[in-house]
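The exercises below ask you to read strand pairing, a covalent link and the setting of a single loop residue from a structure. Work through each task with the coordinates open before you turn to its solution.

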Amino acid sequence: QVQLVESGGGLVQVGGSLRLSCAASGRTFSANVMGWFRQAPGKEREFVASINWSGSTTYADSVKGRFTITRDIPKNTGHLQMNSLKPEDTAVYYCAAGSSFSVIERDYNYWGRGTQVTVSS
């Protein structure tokens, strides 16, 4: 099992920045890929970004150029730096871990409980 705990969410104005963190514990060696997903009110959960063991990354088109995903493998932590935030970025953000470098939700085996990000206009 892998346990994931997100932090860093909050309220920010349009154009502002937030840095989300994800702390992993447990059998972290079984989860080579870390991803971030988000779910806005009334919408399906959607892919945001992911990073694999070697540092390769992929992003949703909606956040490309504004968000940056990183991970510190020795510390079992990951981060999502979010810049130039827009009202449509408002959502609950979830950290996820799995063994496939994927943008598909079902490919991730482990999930955190989420952290709220609210962007006010």
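## Exercises on strands, a disulfide and a loop serine

Please bear in mind throughout that this is a predicted model.

**Exercise 1.** Determine which strands pair with S4 and in what sense they run.

*Solution.* Step 1: begin with strand S4 itself, which spans residues 33–39 and is mostly covered, since 6 of its 7 residues are buried. Step 2: follow S4 to S9, to which it is joined by 7 bridges, the two strands running antiparallel; within this pairing, Arg-38 stands opposite Tyr-93 of S9. Step 3: turn to strand S5, residues 46–51, which pairs with S4 over 5 bridges, again in the antiparallel sense, and in which Ile-51 is the bridge partner of Met-34. Step 4: examine the connection, where S4 and S5 form a hairpin with 6 residues between them, and where Gly-42 in the turn has a positive phi of about 75°.

**Exercise 2.** Locate the disulfide, and work out which handedness its S-S torsion gives.

*Solution.* Step 1: the structure holds 1 disulfide, and it joins Cys-22 to Cys-95 with an S to S distance of 2.0 Å. Step 2: the pair links distant parts of the chain, with Cys-22 lying in strand S3 (residues 18–26) and Cys-95 in strand S9, 73 residues apart. Step 3: the torsion about the S-S bond of Cys-22 and Cys-95 is about -80°, and the disulfide is therefore left-handed. Step 4: to place the two residues relative to the surface, recall that buried means under 20% relative accessible area; Cys-22 has 0% and is therefore buried, and Cys-95, with a relative accessible area of 0%, is buried as well.

**Exercise 3.** Decide whether Ser-102 is buried or exposed, and identify the residues with which Ser-102 is in contact.

*Solution.* Step 1: Ser-102 is placed in the loop that lies between strand S9 (91–98) and strand S10 (108–111). Step 2: the relative accessibility of Ser-102 is 9%, and because buried means under 20%, this loop residue counts as buried. Step 3: once its neighbours within four places in sequence are left aside, Ser-102 is in contact with Phe-47, Ser-50, Asp-107 and Tyr-108. Step 4: look at Asp-107 in particular, whose side chain makes a polar contact with the side chain of Ser-102 at 2.6 Å.

Conventions
Residues are numbered from 1 along each chain as its sequence is written. This is a predicted model: local features need pLDDT of at least 70, side-chain atom pairs count only at pLDDT 80 or more; totals for chains, interfaces and linings use all residues. Side-chain values use heavy atoms; hydrogens and water are left out. Helices (H or I, at least four residues) and strands (E, at least two) are DSSP runs, numbered from the N terminus. Buried means under 20% relative accessible area, exposed over 50%, partly exposed in between (1.4 Å probe, protein chains only). A polar contact is a pair of N or O atoms within 3.5 Å; within protein, one must be able to donate a hydrogen and the other to accept it, and residues adjacent in sequence count only if both atoms are side-chain atoms. Contact means heavy atoms within 4.5 Å. Two strands pair if DSSP finds at least two bridges between them. A disulfide is a pair of cysteine sulfur atoms within 2.5 Å.
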